[in-house]
Amino acid sequence: YHPFGTGSKNISRIRQIYHFTACRKENFAHLYSRLSGIEALQLFEALPGAEPSWFGFLMTLKPGCGFERNAFSTYLEENKIQTRNLFAGNITRHPCFDDLVENRDYRIAAPLINTDIMMNNAVWIGVYPGMEKVHLDYMADVIIKFFEGGKAKFLLGKEYFYIGIDFQDLDILCTSNAPQAHHYLNGDLVE
């Protein structure tokens, strides 16, 4: 049994997987190169020898950096970049633990400092393989502007640039009604 079946149609599907994986890696690398200089952010890298097909671009605000995740996420959402909190972190803070008693129903072996940081400070944006450089640069520009303390106004043609989550296949979509992409920063065209 082969999960993709056999035949030329399925070989085409396998090739698409390789293409999607390559695009996700390129998109991740592009965002990483644009955002790696932001001191307030902890960016994640693949472990040596690993070659992940990145589903998203995870950013964690460093403790004490002077910024809050909710303010950061709200800013991104206001600029039409949808975000998701990391569905991880300190599970003992989940409502399912409200009625459980520590050391009776569960045990904590060590302080959960890093899990609290991830739970409170991490957010991710997508690296959908259909995004082009202009989409990735838009996201990077908005993020950089947040940490510089400015407010950016970005347009794609005459329509606001929109990046969102498609809940049907849990991927990132880039949509615009604009016939031609133009990137604006504070009203000025950016090439």
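Begin by selecting Arg104 and Asp105 in this predicted model. Arg104 and Asp105 form a salt bridge, and their closest N and O atoms lie 2.8 Å apart. Colouring by accessibility separates the two partners: Arg104 is exposed, at 60% relative accessibility, whereas Asp105 is partly exposed, at 35%.

This pair belongs to a wider set, for the structure holds six salt bridges. The next stop is Asp137, together with Arg34. A salt bridge joins Asp137 to Arg34, with 2.8 Å between the closest N and O atoms. Display the helices here: Asp137 is part of helix 4 (residues 133–148) and Arg34 is part of helix 1 (residues 8–35), so the salt bridge ties together parts that are 103 residues apart in sequence. Asp137 is buried, because its relative accessible area of 12% falls under 20%. Arg34, at 27% relative accessibility, is partly exposed.

Keep Asp137 selected and add Lys133. Which residue forms a salt bridge with Asp137 here, and how far apart are the closest N and O atoms? Lys133 does, with the closest N and O atoms 2.9 Å apart. Both Lys133 and Asp137 lie in helix 4, and they are four residues apart, about one turn of the helix. Lys133 has a relative accessibility of 53% and counts as exposed, whereas Asp137 is buried.

To finish, add Asp141 and Arg34 to the selection. Salt bridges link Arg34, Lys133, Asp137 and Asp141 in a network. Within that selection, the viewer shows buried Asp137 alongside partly exposed Arg34 and exposed Lys133.

Terms used. Residues numbered from 1 in each chain as written. Predicted model: local features only at pLDDT ≥ 70, side-chain atom pairs only at ≥ 80, totals over all residues. Heavy atoms only, no water. Salt bridge = Lys/Arg side-chain N within 4 Å of Asp/Glu carboxyl O. Helix = DSSP H or I, 4+ residues; strand = E, 2+ residues; numbered from the N terminus. Buried < 20%, exposed > 50% of the residue type's maximum accessible area, 1.4 Å probe, protein only.
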